[in-house]
Amino acid sequence: MMRGERFKYIWHRDDIDELYDLREDSAEMRNLVHDSQQANRIAEMRRSIVEMLERTGPGPFLWRGQNRKP
């Protein structure tokens, strides 16, 4: 999961990813992950997550045995 000032992105291993505009939807009720206007934002946030995992390792998620690439 990655949270910026305005957007929160959750990259699920086994389910649909989630993207929320916290300024417009603080209750996180409208998932924007399928909004084509958000594709670049999602790609950028996912890259940041991958970079963090490459630096720190998978941590407690290693037990799942899955290596999902962007």
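This passage describes the strands and the nonpolar core of a predicted model.

The strand arrangement makes a convenient starting point. Strand β1, residues 2–3, pairs with β2 in the antiparallel sense over two bridges, and a hairpin of three residues joins β1 to β2. Within this pairing, R3 has K8 of β2 as its bridge partner. On to the next pairing: β2 and strand β3 (residues 18–21) run antiparallel and are joined by four bridges. Here F7 stands opposite D21 in β3.

Strand β2 is covered on both faces. F7 and Y9 are buried on one side, while K8 and I10 are buried on the other.

The core comes next. The largest nonpolar core has ten residues, namely F7, Y9, W11, L19, L32, V33, I42, M45, I49 and V50. At least two residues of this core come from each of β2 (7–10) and α1 (39–56). Helix α1 gives the most, with four residues. L19, itself a member of the core, offers a helpful view of its surroundings. Beyond its neighbours within four places in sequence, L19 is in contact with the β2 residues F7, K8 and Y9, with R30, N31, L32 and V33, and with Q38, R41, I42 and M45.

A closer look at the aromatic side chains rounds off the picture. The structure holds zero aromatic pairs. The ring of F7 does, however, have the charged end of R41 sitting over it, 3.7 Å from the ring centre. F7 thus appears in several settings: as a core residue, as a contact of L19, opposite D21 in β3, and beneath the charged end of R41.

Notes: Residues are numbered from 1 along each chain as its sequence is written. This is a predicted model: local features need pLDDT of at least 70, side-chain atom pairs count only at pLDDT 80 or more; totals for chains, interfaces and linings use all residues. Side-chain values use heavy atoms; hydrogens and water are left out. A nonpolar core is a set of buried Ala, Val, Leu, Ile, Met, Phe, Trp, Tyr and Cys residues joined through side-chain atoms within 4.5 Å. Buried means under 20% relative accessible area, exposed over 50%, partly exposed in between (1.4 Å probe, protein chains only). Contact means heavy atoms within 4.5 Å. Rings of Phe, Tyr and Trp (its six-membered ring) pair if their centres lie within 6.5 Å; planes under 30 degrees apart count as stacked, over 60 as edge-to-face and the rest as tilted. A charge sits over a ring if NZ of Lys or CZ of Arg is within 6 Å of the ring centre and within 35 degrees of the ring normal. Two strands pair if DSSP finds at least two bridges between them.
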